[in-house]
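Got the viewer open? Let's take a short walk through this one, a selection at a time.

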Amino acid sequence: SLLASIAREAGGLSDAEALWMSLPLFHMAALSLLLGCLRLGARVIIASRFSVSGFWADIERSRATAVIGLSTMLPLLADAPETVEAVSYTHLTPCA
């Protein structure tokens with residue numbers, strides 16, 4: 001389907017993915033990727049809101065393999081204080 005093609009081509013996603021997102025579902029990019037991932041058979045984790053302090057714990061807890069967010073989220077995460085927790089994020093792969 002067209003939506004599955006969008007998720008596959010735009011995000012490099014497959015049915016083995018667990019996509020984490022906190023974008024509002026009225027946002028066209030979020031809705032398109034959500035529906036495309038569901039069509040692919042991928043698992044989708046919809047966060048109720050974006051939280052810098054809770055982001056990595058949420059990723060670890062959900063075992064997300066891909067993250068869809070706004071470009072403005074990246075500097076917030078990069079500037080956040082490091083935590084003392086030793087956690088491996090090798091399961092997380094970037095989306096195009």
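Which residue follows H2, and what is the sign of its phi? Select Gly41: this residue comes after H2, and its phi is positive, near 95°. Keep in mind as you click around that you're looking at a predicted model.

Now step back into the helix itself. H2 covers residues 28–40. With 13 residues at 1.5 Å each, H2 should span 18 Å, and its end C-alpha atoms are indeed 18 Å apart, so the two agree. Color the buried residues of H2 next: Ala30, Ser32, Leu33, Leu34, Gly36, Cys37 and Leu40.

For the outward-facing story, select Leu25, Met28, Leu31, Leu35, Leu38 and Ile46, which make a nonpolar surface patch of about 520 Å². H2 gives the most to this patch, with 4 residues. Zoom in on Met28, a residue of H2: its relative accessible area is 58%, so Met28 counts as exposed (the cut-off is over 50%).

Then go inside. The largest nonpolar core has 21 residues, and Leu19, Trp20, Met21, Phe50, Phe55 and Ile68 touch the most other members. Strands E1, E2 and E3 and helices H2, H3 and H4 each supply at least two residues of this core.

Last stop: the 2 salt bridges. Show the side chains of Asp58 and Arg61, which meet at 3.2 Å, N to O. They sit 3 residues apart in helix H3, so about one helical turn separates them. Asp58 is buried at 18%, whereas Arg61 is exposed at 60% relative accessibility. Finally, pick Arg63 and Glu60, whose closest N and O atoms are 3.1 Å apart. Arg63 is partly exposed at 42%, and Glu60 is partly exposed at 25%.

Notes. Residues numbered from 1 in each chain as written. Predicted model: local features only at pLDDT ≥ 70, side-chain atom pairs only at ≥ 80, totals over all residues. Heavy atoms only, no water. Patch = residues over 30% accessible without salt bridge, like charges linked within 9 Å, V, L, I, M, F, W, Y side chains within 5 Å. Areas by Shrake-Rupley, 256 points an atom, 1.4 Å probe, with all protein chains shown as cover. Salt bridge = Lys/Arg side-chain N within 4 Å of Asp/Glu carboxyl O. Buried < 20%, exposed > 50% of the residue type's maximum accessible area, 1.4 Å probe, protein only. Core = buried A, V, L, I, M, F, W, Y, C linked by side-chain atoms within 4.5 Å. Expected span 1.5 Å × (residues − 1).
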